[in-house]
Every structure is written in structure tokens, then in C-alpha cells.
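Subject: Structure handover

Hi,

Here is the structure I promised to pass on. Please open it alongside this email.

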Amino acid sequence: MELKGSVLPGFYIIEKKGEDYLILPGLLDEAYIEAEEITLSRRMPEVTLLCEKDNRLFACAPDGREIYASKLGDPFNWNYFSGTAADSYAASVGTGGPFTGVAEFSGGVVFFKEDVCHKLFGSRPANFELLKAEVAGVEQGSEDSLVSLSGVLYYKGRAGVYAYSGGLARLIGAKLPAASNARGGTEGRKYYLSMGGSLYVYDPEKALWHREDWTDASYFALKDGELYCLAGSRLLCLTGGEGEAEEDFFWQADTGEMGLSLPGGKYYSALTVRAEVGEGEHFSIWLSYDKGEFFEAYATFAPVRRFIRVPLLPRRAETLRLRFQGDGEGTRVYSVAKRTERSGE
């Protein structure tokens with residue numbers, strides 16, 4: 001509490017208060033009466049980013065030089081210093097640049113800049129320990145991309161999306177389209193990331209990225225096991241437990257480059273795609289040779305759910321890519337079988 005007046009201005013701890021009095025601890029040489037108007041106020045440091053851990057708020061200054069912690073159990077008190085475990089906390093850091101993200105992680109709080117992070121560990125200000133680590137940090141403007149999932153912290157950095165487990169930050173999304181101001185969320189199994197007008201989903205178990213759709217989400221929230229996002233004026237339930245079911249949607253999956261030539265004069269002479277097409281859904285297969293343009297090689301519409309086997313006769317080329325397209329969620333591609341032949345001399 002800050003006291004402003006003609007005598008004894010400064011910061012004090014309120015030990016007791018009533019309807020018409022306050023008791024502030026201090027030393028007086030003699031008794032006196034304060035004749036002028038006095039002002040009591042609580043001052044909070046200017047901060048840009050914050051998070052909560054163990055009933056405290058942790059925050060950082062906009063100039064990138066200071067980090068703070070509020071009094072235990074009191075988010076409005078940032079200047080409580082009485083030598084107890086409930087004290088507030090403040091510390092300076094010696095790295096340049098603004099803070100770009102802050103998150104509770106692995107028993108501490110991590111304060112990110114774009115190329116470094118500061119990790120604060122401890123249970124009370126007396127044993128707080130502040131450590132610095134040189135890591136690829138959070139991109140400025142993407143502080144809302146920070147998500148903790150299964151002991152790993154995911155976030156958008158300058159070079160792409162990173163997975164941070166306490167040591168080095170591992171780049172997992174370098175091939176995603178370049179975009180800024182990313183926002184993230186999770187339902188407990190997957191990492192959802194909205195940036196550049198699209199919604200991407202990362203599955204840590206399979207180490208796979210998918211573009212879910214073109215949802216531009218500004219905020220994510222988890223409630224009762226359901227993940228929600230705010231997209232414009234719409235509130236969407238991404239995990240499908242509530243609300244109206246969405247209409248059939250267009251989807252697409254591309255394979256990597258597949259070599260068509262094999263050692264010993266062999267080559268792939270035929271491919272067979274085994275798939276299941278959902279009721280009332282369209283399904284098509286597209287081909288691309290030697291990194292050229294895709295063209296449609298097969299298309300079907302299934303009035304009822306059915307299994308199909310599609311033979312494809314690739315032309316002689318060095319590489320081939322497959323593209324599968326459809327609408328709805330009932331179609332499954334199960335296998336791509338390859339037949340080899342030996343070329344003549």
C-alpha cells in the first residue's frame with residue numbers, strides 16, 4: 001500500500017483496518033496529527049503478459065527487463081514485502097528485447113523472448129531461482145499460441161512451430177505456411193493452432209499435422225472436456241460434443257514423392273487403391289508425375305456406403321504423388337498396393 005501525504009510517504013503493509021481507521025507499522029520519533037489530505041493506493045507494475053501458478057500471478061514488464069509475482073492469494077498486491085512466504089517478488093533480467101510469451105510449465109514459470117527464455121523455479125520468493133536458456137522462443141505477437149500438452153510446451157516461433165520439453169526447442173512445423181499472430185488450444189490430446197486464416201491440428205502420438213479447415217479462431221477455451229473457439233461472431237465446439245453438426249466438408253490428402261524405378265531394372269507397373277466411400281459422398285484420386293501438375297485419374301459418387309478397389313496404371317516417370325479428395329467424414333483410404341515388373345533390356 002502506497003501512502004501519499006505531507007509526512008512519512010512511502011509503501012506500508014496494512015496490519016489492521018476498520019470502518020474509520022488503518023494500522024500501518026512504522027517508527028515515529030513523536031506523535032503528530034496529519035492535517036493535510038492523505039491518499040492510500042495500491043500500485044501495480046506495468047505488465048504485458050501474465051499467467052497464474054500456485055495461487056500467484058506472474059507477469060513481465062513491456063520493456064523486457066523485469067519480471068514480477070503478486071502476493072500469495074492476492075492478485076491486486078504487488079508490493080507486499082514482509083519476509084514471509086506470501087511476499088510479492090520482482091527481479092531484473094539482463095537480456096535484450098521484449099518478452100513474447102509466458103506460461104506455467106514443468107513446476108515453474110517460463111518467460112520467453114524470441115531467442116531466449118528465463119525459467120523461474122521455487123515455491124516462495126525466498127527460494128525462487130531464475131535461470132536463462134538460449135532456445136528458439138515465441139514469435140512476437142504469438143503469445144496465445146503457448147499450450148502445454150502431456151509435458152511438452154507447444155508454441156509458434158519465428159521459424160515455425162516448436163515443441164519445448166525443458167531443454168532444446170524442437171522444430172515440428174517448419175513446413176506450415178508462414179504466418180504470424182498464432183493462437184493455440186488443446187482438448188487434452190492434440191494441439192490446435194489457428195494462423196493465417198486456417199486451423200491446423202497436430203497429433204503428438206502420430207507426429208502428423210492436418211489442416212482441419214479455414215476457421216480463423218481468435219480465442220480457445222476448454223470446458224468440461226470440450227474445446228471451444230471464437231471465430232468472428234461464432235462460438236464453435238471443435239470436438240463435436242455440443243451445438244449443431246456442421247455440414248459435409250471438403251478434405252484433401254497428399255502423399256509424398258514416391259519413386260517409380262527400382263534397382264535391378266524393376267519398376268512399378270500398377271497401383272491399387274483400396275478405400276471405403278461413405279454414403280452420399282464423393283471421392284476422387286489425382287496423380288502428379290515428376291512434381292508436375294495434378295490431374296484427376298478416378299472419381300466416384302457413392303449413393304450407399306461401399307468398398308472400392310481402384311487400379312491405376314502409372315506412366316513411366318521418376319516420381320509419383322497421389323492426392324485423395326472427398327467430402328464428408330465417412331470415406332477411408334486403407335491401402336495403396338504396388339505391382340512391380342522388370343523392364344526389358
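Below is what I found, grouped by charged residues and aromatic rings. Keep in mind that this is a predicted model.

**D87**

Start with D87. D87 sits in the loop between β8 (66-69) and β9 (89-92). The residue is buried, yet it has no salt bridge. What is the nearest side chain of opposite charge to D87? That is R56, 7.4 Å away. A salt bridge needs a nitrogen within 4 Å of a carboxyl oxygen, so R56 at 7.4 Å does not qualify. D87 does have a polar atom of its side chain 2.8 Å from the backbone nitrogen of G83. Leaving aside residues up to four places away in sequence, D87 touches R56, S70, K71, Y80, F81, S82 and P125.

Two of those contacts, K71 and Y80, also turn up below.

**Charges over rings**

The charged end of K71 sits over the ring of Y80, 4.0 Å from the ring centre. K113 lies over the face of F99, and here the distance to the ring centre is 4.8 Å.

**Aromatic pairs**

The model holds 15 aromatic pairs. Take F58 and F128. Their ring centres are 6.1 Å apart and their planes meet at 50°, so this pair is tilted. The pair links distant parts of the chain, with the two positions 70 residues apart in numbering. F58 is in strand β7 (residues 56-60). F128 is in the loop between β12 (117-121) and β13 (129-133). Are these two rings buried or exposed? F58 is buried, at 4% relative accessibility. F128 is buried as well, at 14%.

There is also a cluster. Ring pairs link F105, F112, Y155, Y162 and Y164.

**Salt bridges**

Side chains of opposite charge can pair when their charged atoms come close. The count here is eleven salt bridges. Three of them are described below.

- K53 and D54: the closest N and O atoms are 2.4 Å apart. K53 is buried, with a relative accessible area of 7%.
- K206 and D203: the N to O distance is 3.6 Å. K206 is exposed at 54% relative accessible area, whereas D203 is buried at 10%.
- D254 and R321: the closest N and O atoms are 3.9 Å apart. This pair links distant parts of the chain, 67 residues apart. D254 belongs to strand β25 (residues 250-254), and R321 to strand β32 (residues 319-327). D254 is partly exposed at 33%. R321 is partly exposed too, at 24%.

Which residues join D254 in a network of salt bridges? They are R321 and R323.

**D216**

Last, look at D216. Its place is in the loop between β21 (208-213) and β22 (219-223). D216 is partly exposed, with a relative accessible area of 43%. The side chain of D216 makes a polar contact with the side chain of R183, at 2.8 Å. R183 is also on the contact list of D216, along with S194, G197, L230, A231 and G232; residues up to four places away in sequence are not counted. For a sense of span, D216 and K16 are 200 residues apart in sequence and 51 Å apart in space, C-alpha to C-alpha.

Best wishes

Notes: Residues numbered from 1 in each chain as written. Predicted model: local features only at pLDDT ≥ 70, side-chain atom pairs only at ≥ 80, totals over all residues. Heavy atoms only, no water. Helix = DSSP H or I, 4+ residues; strand = E, 2+ residues; numbered from the N terminus. Buried < 20%, exposed > 50% of the residue type's maximum accessible area, 1.4 Å probe, protein only. Lys, Arg positive; Asp, Glu negative; His and termini not counted. Polar contact = N/O pair within 3.5 Å; in protein donor to acceptor, adjacent residues only side chain to side chain. Contact = heavy atoms within 4.5 Å. Phe/Tyr/Trp six-rings, centres within 6.5 Å; stacked < 30°, edge-to-face > 60°. Lys NZ or Arg CZ within 6 Å of the ring centre and 35° of its normal.
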